[in-house]
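Thanks for sharing this one with me. Here are a few notes to read alongside the coordinates, starting from the overall picture and moving to the details.

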Amino acid sequence: MRTLLTLLVCASSLVAQSYIIDQTANGSPGTGRTEAGEMQPQRVWIAPRMLKIAETEGDGVASIVRLDIGKLYLQFPKHKLFKVRDLADLTNKQERAALREDLRQKILAMAALSEGDQDVLLAENGLRRDGTTVAELKRLGRRRDIATHPTEGVEIYENGIKLATLWIADLPRPDSLFGAYTAISSFSDEVEAELRAIEGFPLEMELRLDSGERMSFTLKAEASGVSGGVDIPLTEFEIPADYSQIGWDTPLPSDAQVCDICGNEVPAGERQFRGAWVCSGPCKLKHIKAMAGSGE
Ligand SMILES: [Zn+2]
């Protein structure tokens, strides 16, 4: 009986832990900071082990984090293209730990500094003399309403350096929410443990992401609308069948002019040639012949 009850509770909490959130944010997983670093409107779909964040203005670029299969997809609806990376390749936890240890050793080797000055320098860099990492959660003791939900403010520190400010609502939180950010970032195990221990759902967050690869920045996100317990079809987290894959570092096709003759992209800096956009010598020739043929 107890087992049956547990199963029922689990099944219902799966539905309860799906959300569609409207928010503004200055970046997203995989794409990093928005171009101008400004807050832009986004829609977020959150289900257990899956998260999708899409621009609701502009080109509708979306990041899909699939913790269930360990993949990060970037989806470009305008071009019907997508990119994919293994999440395991995106974390640089070891590199960050190695860099921090290296810095600690260098500071401790500065014989010209007194032990007190070394400690100041260590603290400024979020380091401790003994090389350990101490994560701490501070409750701000303040409450705010965000998108009609009461929230409580908390901060997370690593060796005295603030890495996160979160406003937490009393709503169940799917593992995918912080899981998406910890998968692509390089938080220490100690900071990840503090994040996981938070009970509730952050409706506003400032998260210092430090994942190397053009994604080191402070992510800011503020919810404006929250729909919980929604049924999100799995297809929302899948790439449509008519999209083509391009390499992770492959630039997107630009908005450049296309050739009036063959449809290929006209190289940047080219001007119109006798009233037409042409991409190459052969297309120029075809254009001239076409004009001659039409008697112009
Ligand atoms: Zn052409």
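The points below go from the whole chain to its sheet and then to one helix.

1. Please keep in mind that this is a predicted model. The protein chain comprises six helices and 14 strands.

2. On overall dimensions, the radius of gyration is 25 Å, whereas a compact globule of 296 residues would come out near 19 Å. Taken along the principal axes, the box filled by the C-alpha atoms is roughly 85 × 70 × 35 Å.

3. As for packing, 26% of the 296 residues count as buried. Among contacts with a separation of 6 or more, 53% are made by residues 24 or more positions apart.

4. You may enjoy tracing the open sheet of 12 strands, where the pairing is mixed. Its order is β9-β10-β11-β12-β13-β1-β4-β5-β6-β7-β8-β14.

5. Which strands stand at the edges of this sheet? They are β9 (135–146) and β14 (244–245); each has a single partner strand, so one side of each is left without a neighbour in the sheet.

6. For a closer look at one pairing, try β6 (residues 62–66) and β7 (residues 71–76), which run antiparallel and are joined over five bridges. Within this pair, Val65 is found opposite Leu72 of β7.

7. Finally, β6 and β7 also appear in a helix-to-sheet arrangement: helix α4 (residues 176–184) lies across them, as well as across β4 (40–47), β5 (50–55) and β12 (201–209). Relative to β5, helix α4 runs at about 80°.

Terms used. Residues are numbered from 1 along each chain as its sequence is written. This is a predicted model: local features need pLDDT of at least 70, side-chain atom pairs count only at pLDDT 80 or more; totals for chains, interfaces and linings use all residues. Helices (H or I, at least four residues) and strands (E, at least two) are DSSP runs, numbered from the N terminus. The radius of gyration is taken over C-alpha atoms; the globule rule is 2.2 Å times the number of residues to the power 0.38. A residue is buried if 20 or more other C-beta atoms lie within 10 Å of its own, exposed if 12 or fewer, and partly exposed in between; C-beta atoms are placed from the backbone. Two residues are in contact if their C-beta atoms, placed from the backbone, lie within 7 Å. Two strands pair if DSSP finds at least two bridges between them. Axes are lines fitted to C-alpha atoms, for helices over the stretch in contact, and angles run from 0 to 180 degrees between N-to-C directions.
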